[in-house]
Amino acid sequence: MTDLKPLILKVVPLRFCGQDMTFDLSHALFSSNDIDTGTRLLLKSIAKHAVPGQISSILDIGSGTGVLGIACARAFKGDSPAGTSPAGTSPAGTSLLLRDRDALAVEFSLHNARKNKLKGAEGETAIFLEDLGERRFDLVLCNVPAKAGTPVLDSFLQELAGTLTERGLAGVVVVTTIAKAAFASILASGAQIVATDHGSGHNVYLFKRAESRAIPSGPVASSFWNRAERSRQQDTLGTKRYQHAGYFGLPEFDTPSFATELAVELLDIAMTGATLRNSLIVNPGSGRLACYLRARSKTHIDLCGRDALANAASRRNILLNEKPVAGQEAEKATEFSFVAAAPERCYDLMVEFPDLIPGVDPGDAFWPAAARVLKLGGAAVIAMPSNAFDKLERKKPKGFVKLREKKKKGYVAAAWRLEKSPDAGAI
């Protein structure tokens, strides 16, 4: 479990349907200073139109710090009619599933569930409706991310009613700029509109499954990957050509960033004369560096990062660059949400594009991670904005020897070799 204390910015109160709650917010996640107006507008609409006695299961998609799902689970706790609660919950309980593509958001959501004495809440790091299986819910909530891409949001909103039980209610809030398109997508699904609400900069839509449509017995349909791809082309990094698919919701869909270009230059230095059997890429983005690495060597590549979309997109791009061998399956990357889950002393190379969080020193996480996962003689490469680099380098423990540093248009990349294990007190 991640230590969340350094990431908590403030504590805010919320009163909803007679329930008093408090939520820890984070500068690492959406809406870090207060509960955002869109969430408050959706809760207001839910309070007016949801039927408490018909809610025994709740799904919060894109949960963030968990406000929507936790508030509703607290408000409707104990109101389920006898015999209607899902397996694994008490007859008087309301089950809650908190989903987000950001693993840190899921951890914060579960932290806030415990903070508000909500027992049995579950969390999943997942992309929209992917791998939801045959689960259906009485209440489904989403503060829709406008930047996810028009085709992705269209398919998501058309498929959302498929997650509902026969009596289920879905509630979404969208920013005004995409409200018209979102409403059209919901209507195209055949859903039955229950209510609409409008606030400053946001629209809320509540809807149910069409009465004429039976609940399918199979898994919830999701066309995410069919709609998420926005480009596919052959590109060049360094001297290597590779195939790359760009995805909505991720950067570098058309060209590599300066950080990636710098990391490639430093990789060539760090890999000189080295045998790479295992490599770890932290925060891989859409996978351009992974594709380059695959084109350059036969190293096994694992992926690590909070963002499930980035990890999955990178894995798909690695597979694009695999040369199929008859009778053999392509080598699959292992995905870790946090470096702490990666094996110790396993990697010849670790490359990181760090998450920069206000008030958090990136060196506090980078150096202990590199010292733990690298073999002796292994190389650590980092690429990041220049304004945070000096602070990171000042934390460098003994045992790491710098190989090279390069700068380009506000970014810096550096490489170090782990020549001896740092003392525990030096990290």
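The following legends describe close-up views of a predicted model. Local features require pLDDT of at least 70, side-chain atom pairs count only at pLDDT 80 or more, and totals for chains, interfaces and linings use all residues. Residues are numbered from 1 along each chain as its sequence is written, and side-chain values use heavy atoms, with hydrogens and water left out.

**View 1. The second largest pocket and its lining.** The second largest pocket has a volume of about 900 Å³. Of the 31 residues lining this pocket, Thr-2, Phe-338, Val-339, Ala-365 and Phe-366 are the closest to its centre. Two elements, helix H3 (103-115) and helix H10 (363-373), each give two or more residues to the lining, and H10 gives the most, with 6 residues. The lining comprises 19 nonpolar, 4 polar and 8 charged residues. A pocket is an open set of points on a 1 Å grid over the protein atoms alone, with protein on both sides within 12 Å along at least five of seven lines; lining residues have an atom within 4 Å of a point. Grid points are joined across faces, edges and corners, and a volume is the space filled by probe spheres set on the points. Ala, Val, Leu, Ile, Met, Phe, Trp, Tyr, Cys and Pro count as nonpolar, Asp, Glu, Lys and Arg as charged, and the others, Gly among them, as polar. Helices (H or I, at least four residues) and strands (E, at least two) are DSSP runs, numbered from the N terminus.

**View 2. The largest cavity and Phe-128 in its lining.** The whole structure contains 1 cavity of 30 Å³ or more (a set of grid points where a 1.4 Å probe fits but cannot get out). The largest cavity holds about 40 Å³ of space. Its lining consists of Phe-128, Leu-129, Val-152, Ser-155, Phe-156, Glu-159, Ser-222 and Phe-224; helix H4 (residues 150-159) supplies the largest share, 4 residues. Phe-128 is found in the loop between E5 and strand E6 (137-143) and has a positive phi near 45 degrees. Most residues other than glycine have a negative phi. Phe-128 is buried, with a relative accessible area of 14%; buried means under 20% relative accessible area, exposed over 50%, and partly exposed in between (1.4 Å probe, protein chains only).

**View 3. Asp-60, a buried residue without a salt bridge.** Asp-60 is placed in strand E3 (residues 57-61). The nearest side chain of opposite charge, Arg-99, is 10 Å away; Lys and Arg count as positive and Asp and Glu as negative, whereas His and the chain ends are not counted. The Asp-60 side chain reaches the backbone nitrogen of Gly-69 at 2.9 Å. A salt bridge is a side-chain nitrogen of Lys or Arg within 4 Å of a carboxyl oxygen of Asp or Glu.

**View 4. Salt bridges between separate elements.** The whole structure has 23 salt bridges. Lys-115 pairs with Asp-24, with the closest N and O atoms 3.4 Å apart. Lys-115 lies in helix H3 and Asp-24 in strand E2 (residues 19-26), so this salt bridge ties together parts that are 91 residues apart in sequence. Asp-24 is buried, at 5% relative accessible area, whereas Lys-115 is partly exposed, at 32%. Lys-408 and Glu-261 also meet in a salt bridge (2.7 Å, N to O). Because Lys-408 lies in strand E17 (residues 400-408) and Glu-261 in helix H7 (residues 258-270), the pair joins parts that are 147 residues apart in sequence.

Methods
A polar contact is a pair of N or O atoms within 3.5 Å; within protein, one must be able to donate a hydrogen and the other to accept it, and residues adjacent in sequence count only if both atoms are side-chain atoms.
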